[in-house]
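Subject: Structure handover

Dear colleague,

Here is the structure I said I would pass on. Please open it alongside this message, as the notes refer to individual residues.

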Amino acid sequence: MSNDTTRRRLLRRGLTLGAAAMGGPLVLSGAARADTWPSKPVRVVVSHPPGGLTDAFARAYAEYISQKLGQALVVENKTGASGIIAADFVAKSPPDGYTLLVTISTTLVMSQALFKSLPFDPNKDFVPISFMDAGHLPFIVHKSVPATNVKEFAAWAKNNKVSIGSYSPGSYSHIAAAELNKALGLQMEVVHYRGEGPMWQDMLAGTIQAANGSVAAATSVLQSGAGRAIAVPQVKRMKKLPDVPTFLEQGITAKAFQIRGWVGLFGPAGTPAPIVERLSALMVEAGHSPRLRQMLDTFGIDESATDNKTFQRIWREENPVWIDLVKQLGIDPQ
């Protein structure tokens with residue numbers, strides 16, 4: 001090989017790496033052809049409707065990444081069947097980096113226990129790109145409940161009829177209710193709702209005595225004094241509720257109160273590793289931007305987006321726990 005040929009190859013390699021580092025187009029070399037990504041708009045399919053955390057995250061992160069790459073990321077809400085319609089669409093899309101999925105743990109993890117069959121394999125048909133923590137879901141009791149911690153609540157609940165809210169069957173709030181009944185020896189009646197809104201409305205009215213849910217959705221309950229948070233899941237306390245101890249601190253060691261719900265960014269299986277790595281790095285970077293920091297604070301979420309390797313580890317370690325917890329609820333798969 002001549003010196004001129006070697007210099008040209010080194011120069012091309014340097015330009016490619018430089019463009020990727022600066023946020024420009026990423027040059028991918030293949031056996032048959034070379035393609036520049038992204039050379040056209042990227043489609044971001046969201047499994048849930050506008051207005052919630054999933055959609056808000058998708059749009060905010062997509063806007064940041066679009067500015068960095070100089071190419072549009074077009075967000076499209078494709079709702080229905082607990083997010084399965086969107087996930088199936090992306091699973092069957094070409095793995096070229098131009099179709100991505102933003103969905104929640106319920107769609108790709110809990111669904112494995114809630115449905116008899118899925119049109120895709122959650123463990124084989126997707127590549128995890130970035131994990132976005134859905135935040136702590138504090139345990140809140142109505143003001144009529146004379147308890148400021150889990151021990152006091154358990155003592156009171158053993159002698160009183162307690163209705164505990166769940167924002168949908170098979171959801172984290174449903175799991176939390178079942179695990180609390182088991183851990184504390186209680187027989188709380190689980191009341192299922194269609195979303196957090198009506199659940200917290202019933203707590204305002206005193207119809208239910210307890211519930212787990214997001215701080216953002218429970219703002220009216222907490223700020224009005226209609227309810228108080230007495231415990232938070234996960235292993236660290238919540239920044240917005242620094243005086244509220246975790247379940248673990250209060251002696252509740254069940255895994256359900258340590259693992260995390262999430263919003264995730266995925267590509268179809270086979271998406272080129274350089275694209276996955278680039279998107280992963282941009283998600284982490286975006287999470288530290290002023291807009292995302294403000295959004296996280298509004299939703300009461302302490303952690304911003306993580307990289308793909310962290311997500312892959314969480315996927316391996318925590319998914320089996322989630323599936324087992326859902327199975328223990330005894331819900332007949334649809």
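Below is what was found, starting with the whole chain and then going region by region.

**Overall**

Please keep in mind that this is a predicted model. The protein has 11 helices and 12 strands. It has 334 residues, and 51% of them are buried. Among contacts with a separation of 6 or more, 75% are between residues 24 or more positions apart.

**Nonpolar cores**

In soluble globular proteins, nonpolar side chains tend to be buried together. In this model the largest nonpolar core holds 73 residues, and the members that touch the most others are F126, F139 and F153. Helix 11 (residues 308-327) is the biggest contributor to this core, giving 7 residues. There is also a second core, separate from it, with 36 residues, including L73, V263, L265 and L296.

Leaving out residues up to four places away in sequence, F139 has an extensive list of contacts: F153, I164, L180, A210, A211, N212, R228, A229, I230, A231 and F247.

**Strand 12**

Strand 12 spans residues 262-268, and 7 of its 7 residues are buried. Which strands pair with strand 12? One is strand 5 (residues 99-104), which is antiparallel to strand 12 and joined to it over 4 bridges. In that pairing, I104 has V263 of strand 12 as its bridge partner. Another is strand 6 (residues 126-133), also antiparallel, with 7 bridges to strand 12. S130 stands opposite L265 of strand 12. V263 and L265 were both named above as members of the second core.

**Helix 4**

Helix 4 covers residues 105-114. Because 8 of its 10 residues are buried, helix 4 is largely enclosed by the rest of the structure. The buried ones are S105, T107, L108, V109, M110, S111, A113 and L114. They pack against helix 3 (84-91), strand 5, strand 6, strand 12 and helix 11.

A113 is a useful residue to look at in this helix. Why does A113 count as buried? Its relative accessibility is 9%, and the cut-off for buried is under 20%. Not counting residues up to four places away in sequence, A113 touches I323, V326, K327 and P333. The C-alpha atom of A113 is also 9.2 Å from that of W322, although these two residues are 209 residues apart along the chain.

**Pocket and cavity**

Rolling a probe the size of a water molecule over the atoms shows where empty space is left. The largest pocket holds about 1300 Å³ of space. It is lined by 48 residues, of which H48, I104, T106, Y167 and S168 are the closest to its centre. I104 is the residue already mentioned as the bridge partner of V263.

Which element gives the most to the lining of the largest pocket? It is helix 4, with 5 residues. Helix 2 (53-69), helix 7 (196-204) and strand 12 are among the elements that each supply at least two residues of this lining.

Apart from the pocket, a search of the whole structure finds 1 cavity of 30 Å³ or more. The largest cavity contains about 80 Å³ of space. Its lining consists of V44, F57, A58, Y61, A62, I65, L73, L100, V102, M132, L265 and M283. Helix 2 provides the largest share of that lining, 5 residues, and strand 5 supplies at least two. Two of the lining residues, L73 and L265, are also included in the second core.

**S214**

The last item is S214, located in the loop between strand 10 (210-212) and helix 8 (219-224). Is S214 buried or exposed? With a relative accessibility of 15%, S214 counts as buried. The side chain of S214 reaches the backbone nitrogen of A217 at 3.2 Å. Beyond its neighbours within four places in sequence, S214 is in contact with H136, L137, E196 and W200.

Regards

Methods:
Residues numbered from 1 in each chain as written. Predicted model: local features only at pLDDT ≥ 70, side-chain atom pairs only at ≥ 80, totals over all residues. Heavy atoms only, no water. Buried < 20%, exposed > 50% of the residue type's maximum accessible area, 1.4 Å probe, protein only. Contact = heavy atoms within 4.5 Å. Core = buried A, V, L, I, M, F, W, Y, C linked by side-chain atoms within 4.5 Å. Polar contact = N/O pair within 3.5 Å; in protein donor to acceptor, adjacent residues only side chain to side chain. Pairing = 2+ DSSP bridges. 1 Å grid on protein atoms, 1.4 Å probe; cavity = no way out; pocket = protein on both sides within 12 Å on 5 of 7 lines; lining within 4 Å. Points joined across faces, edges and corners; volume = space filled by probe spheres on them.
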